[in-house]
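Please look over the sequence and the structure shown here. A short report on strands, helices, cysteines and charged pairs follows.

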Amino acid sequence: MSSEKIIFKNKKGIEIEAEICNPADQITHAYALFAHCFSGMDDTSVIDSIKRGLNQKGISVVTLDFTGISHQNEYHADHEDILALTDYMGEHLRSPQILIGHSLAGAACLVSANRIASVEAVVTISAVIKSSHIRKLCTSNQDDTGLYDVALGDNYFKVTADFIDEITHQNIKEIIHKIRIPLLIFHSPQDEIVDINNAEKIYSNAFHPKSFISLDYANHFLSNPQNGYYVGNNIANWSERYVQMEPEDPLVTQHQTAVRIGTTKYVTEVKAGIHHQIADEPIEDGGKDLGPNPYQFLLAGLGACTAMTLRMYADHKKIPLEEVTVHLNHENEYLKDAEDTNKRTAKLDKLYRNIQIKGDDLTEAQIKRLMEIANKCPVHRTLENNPIIITNLLEE
């Protein structure tokens, strides 16, 4: 998954770095602004996992590191930066329809939601909004009264006093009351940094439609990438109900499938038509096991084609076929050339296909015929025909 850096200026004229990550086929149906406090972690793959889940549904994600840890300039987090980034998106991309905030950035998104006309849905992840909890995390900066020092676990950064005043001195209940748009709340009962009571307060003061998803066994930073992908996937599915998806002009191409991989090995996005999938390698091979590996996709194609072909044939011939299950395996076998033992060892791929056919009224002749038909499925024929693969380099 690849991201592109963008630079925008906040109200103080300070240049701030953000990132945009688009769907694999570059067709955007909606934009999300994701402000987070994840960057102090040793492993920030959770950010990619959340973006990936949204990308799968055609949602482009613009991420803002609310901690400022990754920013080159002197930076102090402020909810006004979310508004500045929104203005940038409206001018250069498209105004965000989904606002997502994690931890303190979750509070910032709640404060900003009613100031962004384009926002159709708000999401908080492990958000902190109770004054007592905020005071535990934030202490006045000894050198600058306009700043607060924040400690999130082992991560330290600065936020403006204006932002802290905004979320503590104002009536947060009234702020949440005024958010009359769909709200989705994520929080873990095991969050040791921000108590789940914060989520309860957000939920109880919000109007419907509102939803809460408990992140069982997750910590404040969702350290397990599986949790990140779970969050991203749920946001994407939930937002389809509330967000007006506005697809750009369809990509004019003869290609039937798009596949993309970035720097996160070996997670690969697959888009076939309107359908999205993730390909990956097992953990023992250096991947994260977030999806089938390439050979499993190959086997799935053969198995699906086999099952569909048998279903079509049985329906056409009115054969009482109830169910087909296809079990497949791929193996490499090494053979030595029988004619020339000096030739290097050759590798032969074998695909094993085991078919279970169910139907109480099936005759032996019908079962035999179905097994014959299995060998006539289109994918089987394609594989047996030794297809020619033509590779071309496409210009960006």
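## The first hairpin

In β2, the residue standing opposite E4 is I20. This is a predicted model. Strands β1 and β2 run antiparallel, joined by six bridges. Together β1 and β2 make a hairpin. Five residues sit between the two strands. One residue of the turn, G13, has a positive phi of about 85°.

Strand β2 covers residues 15-21. Strand β2 also pairs with β4, which spans residues 59-65. Here too the strands run antiparallel, and four bridges join them. A18 has L64 of β4 as its bridge partner.

## The sheet as a whole

How many strands does the open sheet have, and in what order? There are eight, in the order β1-β2-β4-β3-β5-β6-β10-β11. The pairing is mixed. In general, strands of a sheet pair through backbone hydrogen bonds, either parallel or antiparallel.

The edges are β1, residues 4-9, and β11, residues 210-214. Each of these edge strands pairs on one side only. On average, neighbouring strands of the sheet are turned by 20° against each other, direction ignored.

Further along, β6 pairs with β10. Strand β6 holds residues 121-125, and β10 holds residues 183-187. These two strands run parallel, with four bridges between them. V122 stands opposite L183 of β10.

## Helices across the sheet

Helix α3, residues 104-112, lies across four strands: β3, β5, β6 and β10. In this group, β3 spans 30-36 and β5 spans 98-102. The helix runs at about 145° to β5.

Helix α7 takes in residues 197-205. It lies across β6, β10 and β11. Its direction is at about 165° to β10. Strands β6 and β10 are thus crossed by α3 and also by α7.

## Charged pairs around β2

How many salt bridges are counted? The count comes to ten. One of them links K5 with E17, with the closest N and O atoms 3.5 Å apart. K5 is in β1 and E17 is in β2, so this pair ties together parts twelve residues apart in sequence. E17 is partly exposed, because its relative accessibility is 22%.

A salt bridge also joins K51 and E19. Their closest N and O atoms are 3.9 Å apart. K51 belongs to helix α1, residues 45-55, whereas E19 belongs to β2, so the pair ties together parts 32 residues apart in sequence. Is K51 buried or exposed? K51 is buried, with a relative accessible area of 2%. Its partner E19 is partly exposed, at 24%.

## A pair within helix α9

The salt bridge of D315 and R311 lies within one helix. That helix is α9, residues 294-317. The two residues are four places apart, about one turn of the helix. Their closest N and O atoms are 3.1 Å apart. Both side chains fall in the partly exposed class: D315 has 47% relative accessibility, and R311 has 30%.

Some salt bridges share partners. They join K5, E17, E19, D48 and K51 into one network.

## Cysteines and the T309 contacts

How many disulfides does the structure hold? The number is zero. For C109, the nearest cysteine sulfur belongs to C37, 9.7 Å away. C109 is buried, at 0% relative accessibility.

C377 is in no disulfide either. Its nearest cysteine sulfur is that of C305, at 3.6 Å. Why does this pair not count? A disulfide needs sulfur atoms within 2.5 Å, and the sulfur of C305 is 3.6 Å from that of C377. In general, a disulfide is a covalent bond between the sulfur atoms of two cysteines. C377 is buried, with a relative accessible area of 0%.

C377 also appears among the contacts of T309. T309 is found in helix α9. Which residues does T309 contact, leaving aside its neighbours within four places in sequence? They are I373, C377 and P378. T309 counts as buried, because its relative accessibility is 15% and the buried class lies under 20%.

Terms used
Residues are numbered from 1 along each chain as its sequence is written. This is a predicted model: local features need pLDDT of at least 70, side-chain atom pairs count only at pLDDT 80 or more; totals for chains, interfaces and linings use all residues. Side-chain values use heavy atoms; hydrogens and water are left out. Two strands pair if DSSP finds at least two bridges between them. Axes are lines fitted to C-alpha atoms, for helices over the stretch in contact, and angles run from 0 to 180 degrees between N-to-C directions. Contact means heavy atoms within 4.5 Å. Buried means under 20% relative accessible area, exposed over 50%, partly exposed in between (1.4 Å probe, protein chains only). A salt bridge is a side-chain nitrogen of Lys or Arg within 4 Å of a carboxyl oxygen of Asp or Glu.
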